[in-house]
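Please walk through this protein chain, beginning with its interior and ending with its overall fold.

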Amino acid sequence: MMKRMFLGAVAAIVLTTAAGAQQSPLPYGSPVTLAQAKTIVAAAEQSAQSRNFTMAFAIVEPSGELVLFHKMDGTQYGSDLVAREKARTAARFKRSTKAFFDSIAGGRNAVLSLPGVVAIEGGTPIVINGQIVGAIGVSGGTSEQDGEVAAAALLGLK
């Protein structure tokens, strides 16, 4: 009974934005292709280079399995794992990792106990034709910088 109540509370937290409004997650679509992943990573790297950042980029399919990983020369070693985990979180939970950060900042500490969740900015679902086809994870800067580069990488996708 207690476990069921906890899982129900977690589900409510996960489906509530920081502002408190319920959101309807988009459906999953066919997984992002390698060609699409390469295009997204190229845009991410260009954005990072223009800001003099060295970063790691991970693209995953909706299941969270890796499609493409790319690390710029000089990127800190810890960013490898962080980029992959940000992408997995965004894909598997159908929302940006910033949404989890915002939930925690708003006092919803139950998010901290969700396995496999990275609650720092830089993981964003990849949406094409209204469907989540994967996610990007970016690491190497501040969490805000990671989020900006992830967003820039996805500009122009349809």
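**From the core outwards**

In this predicted model, the largest nonpolar core holds 21 residues, and those touching the most other members are M55, F57, I59, I136 and V149. At least two residues of this core come from each of α2 (34-50), β1 (56-60), β3 (123-128), β4 (131-139) and α5 (143-154). The biggest contribution is that of α2, which gives 5 residues.

V149 shows how such a core member is placed. Beyond its neighbours within four places in sequence, V149 is in contact with A44, S47, A48, R51, F53, M55, F57 and V138. A second core, separate from the one above, has 8 residues, with A58, V60, A83 and A87 among them.

D80 lies in helix α3, which spans residues 78-93. D80 has a relative accessible area of 17%, and it therefore counts as buried, the limit being under 20%. When residues up to four places away in sequence are not counted, D80 touches A56, F69 and K71.

The overall fold can now be set around these details. The chain has 5 helices and 4 strands, and along the sequence they follow the pattern α-α-β-β-α-α-β-β-α. Of the contacts with a separation of 6 or more, 64% join residues 24 or more positions apart.

As for the surface, the chain exposes about 8,000 Å², of which carbon and sulfur atoms supply 57%. Of its 158 residues, 39% count as buried.

Note on methods
Residues are numbered from 1 along each chain as its sequence is written. This is a predicted model: local features need pLDDT of at least 70, side-chain atom pairs count only at pLDDT 80 or more; totals for chains, interfaces and linings use all residues. Side-chain values use heavy atoms; hydrogens and water are left out. Buried means under 20% relative accessible area, exposed over 50%, partly exposed in between (1.4 Å probe, protein chains only). Contact means heavy atoms within 4.5 Å. Accessible areas come from the Shrake-Rupley method with a 1.4 Å probe; for residues, only the protein chains shown count as cover. A nonpolar core is a set of buried Ala, Val, Leu, Ile, Met, Phe, Trp, Tyr and Cys residues joined through side-chain atoms within 4.5 Å.
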